[in-house]
Amino acid sequence: MLRKLLALLFLTTSLSQAQSSFVLIPDRVFDGMDVYTGWQVLVTGTQIRAVGPNLQPPAGAEVIVLKNQTLLPGLIEGHSHLFLHPYNETSWDDQVLRESPMERAARAVVHAEKTLLAGFTTVRDLGTEGADFDDVGLKQTIEKGIIPGPRMITVGRALIATGSYGPKGYNTRTNVPQGAEEADGQDRLIQAVRGQIGRGIDVVKIYADYRWGLMGEAKPTFLQEEIELMVKVAASSGRSVIAHASTEEGIRRAILGGCKTIEHGDVGTLELFRLMKSKGVAYCPTLAASDAISQYRGWKKGQDPEPERIVQKRKSFKAALESGVTIVMGGDVGVFTHGDNVREMELMQEYGMKPLDVLRSATSVPAQVFGQPKLGEVKTGKLADLIAVEGDPTQQINQLRKVKLVMKDGKLYKR
Ligand SMILES: [Zn+2]
């Protein structure tokens, strides 16, 4: 009896192993760095087992021919907000103050699936904006296999200097909940960073500047010493700090304070991008957020001349390219529709980046910057996060809109 059981067990394990082996045969492979033709990719279980020409597939492996398609690493979205939806549907204030926690969670579940099916198998989700640490919960729910979604790098509530963030403009006698956690000064900052780490975040996000100037313009928030302190506290736990920064002084303080990436960097100059490069700080441009918000404010793209904000964004992106700073793709998706993440990559190409570099900035480059050595490459031993798209995205980025296959952890979500 025992022998029979063991034999059965052996049979089912070998069967299930056979079922989870795939040989993918696309027209070409972008491996995270370069393009190859005539390559095949062998996946067994959750891993990429072999890559190259003339592979010997194990018996029972399922062969998937991807005719006229390009196989790539699963894309990495560097700046998402799964708990937000486009501001032209509901203003940010109303999402933070009026939507129930349940509605926000339900929306996030829908957004997670859309993101995955659009070929983005990993997201660095940069703040729930009033939805507490529910990103950590969402991540766990995805990892347990309860709902489909991308791998998540979470920041939870994010940190802001008191008085700098929003929602604001309400009766001063009411206490309006904020879109992130307020903390300042030595003791409170140490406690806040540790408190967030304790709730399961992966990275600490801070707002190094925000629109709290006299005229409502963006101005620096945390002092450089405060940023240095947060970086030091986070580093004790092996975590890094990343910064929202769009003003020159905010960017400078974030760089010198020791932040790992700068988000937005709207008025970044050649000098600042060079400083970033010399300090090993990466840049996440969020071109699509500026593009979307300008359109929500009435800009008719393609008809009206480009508003100042877009002209400036093109200029700073060009300076970033010239400086040679490491660029990670991130669009601030949530400001615009989830699943439309490619919009950022199209703008990167439109603003002067070569398609191959755009692809690197969404695969091997962020894998390295975000400390994810198992992701971002089609290489033996990496995790089997793979997508296939029609045509050749190394020539035209918008081919990424034609996703034909999505695999995460060796499991097919779309084919
Ligand atoms: Zn954002």
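## A walk from helix α11 to the zinc site

Just after helix α11, G352 adopts a positive phi of about 115°. This is a predicted model, and that glycine is a handy place to start our tour.

Step back into α11 itself and you will find V342, R343, E344, M345, L347 and M348 buried. The cover over these buried residues includes strand β7 (120-125), helix α9 (287-296), helix α10 and helix α12 (355-360). One of the buried residues, M345, also leads us into the interior: in the largest nonpolar core, which has 70 residues, I206, M276, M345 and L400 touch the most other members. Helix α6 (residues 224-236) gives this core its largest share, six residues. A second core of 16 residues is separate, and W39, L71, V378 and A384 are among its members.

Let us follow I206 next. Leaving aside neighbours within four places in sequence, I206 is in contact with L159, F222, I227, M230, V241, I242, A243, H244 and C259. Several of those names bring us to strand β14 (residues 241-245), where five of the five residues are buried. In a regular strand, side chains alternate between the two faces of the sheet. Here V241, A243 and A245 point one way from β14, while I242 and H244 point the other way, and all are buried.

What are the partners of β14? Strand β11 (residues 204-207) pairs with β14 in the parallel sense over four bridges, and I206 stands opposite A243 in that pairing. Strand β15 (residues 261-264) also runs parallel to β14, joined to it by three bridges, with H244 opposite E263. To get from β14 to β15 the chain passes through helix α7 (residues 248-257), making a right-handed β-α-β crossover.

From E263 and I242 it is a natural move to R124, which touches both of them. R124 is found in strand β7 and is buried, with a relative accessible area of 2%. Not counting residues up to four places away in sequence, R124 also touches E77, G78, H79, S80, I153, T261, C284 and F370. R124 and I76 are 48 residues apart in sequence, yet their C-alpha atoms are 7.8 Å apart in space.

Among those contacts of R124, H79 takes us to the metal. Which residues hold the zinc ion? Its protein donors are H79 (NE2), H81 (NE2) and D332 (OD), lying 2.1 to 2.3 Å from the ion. Along the chain these donors follow the spacing H-x1-H-x250-D. H79 lies in strand β6 (residues 75-80) and D332 in the loop between α10 (308-323) and α11 (342-350), so the pair ties together parts that are 253 residues apart in sequence. Both H79 and D332 are buried. That loop returns us to α11, where we began.

Before you leave, take a look at the aromatic rings. The model holds seven aromatic pairs. One of them, F273 with Y283, is tilted: the centres are 4.7 Å apart and the planes meet at 50°. F273 sits in helix α8 (residues 270-279) and Y283 in strand β16 (residues 282-284), 10 residues apart, and both are buried. Elsewhere, ring pairs link W92, Y165, Y207 and Y210 into a cluster.

Methods:
Residues are numbered from 1 along each chain as its sequence is written. This is a predicted model: local features need pLDDT of at least 70, side-chain atom pairs count only at pLDDT 80 or more; totals for chains, interfaces and linings use all residues. Side-chain values use heavy atoms; hydrogens and water are left out. Donors are N, O and S atoms within 2.8 Å of the metal (3.2 Å for Na, K and Ca); water is not among the atoms, so sites may look incomplete. Helices (H or I, at least four residues) and strands (E, at least two) are DSSP runs, numbered from the N terminus. Buried means under 20% relative accessible area, exposed over 50%, partly exposed in between (1.4 Å probe, protein chains only). Contact means heavy atoms within 4.5 Å. A nonpolar core is a set of buried Ala, Val, Leu, Ile, Met, Phe, Trp, Tyr and Cys residues joined through side-chain atoms within 4.5 Å. Two strands pair if DSSP finds at least two bridges between them. A crossover is right-handed if, with the strands pointing away from the viewer, the path from the first strand over the helix to the second runs clockwise. Rings of Phe, Tyr and Trp (its six-membered ring) pair if their centres lie within 6.5 Å; planes under 30 degrees apart count as stacked, over 60 as edge-to-face and the rest as tilted.
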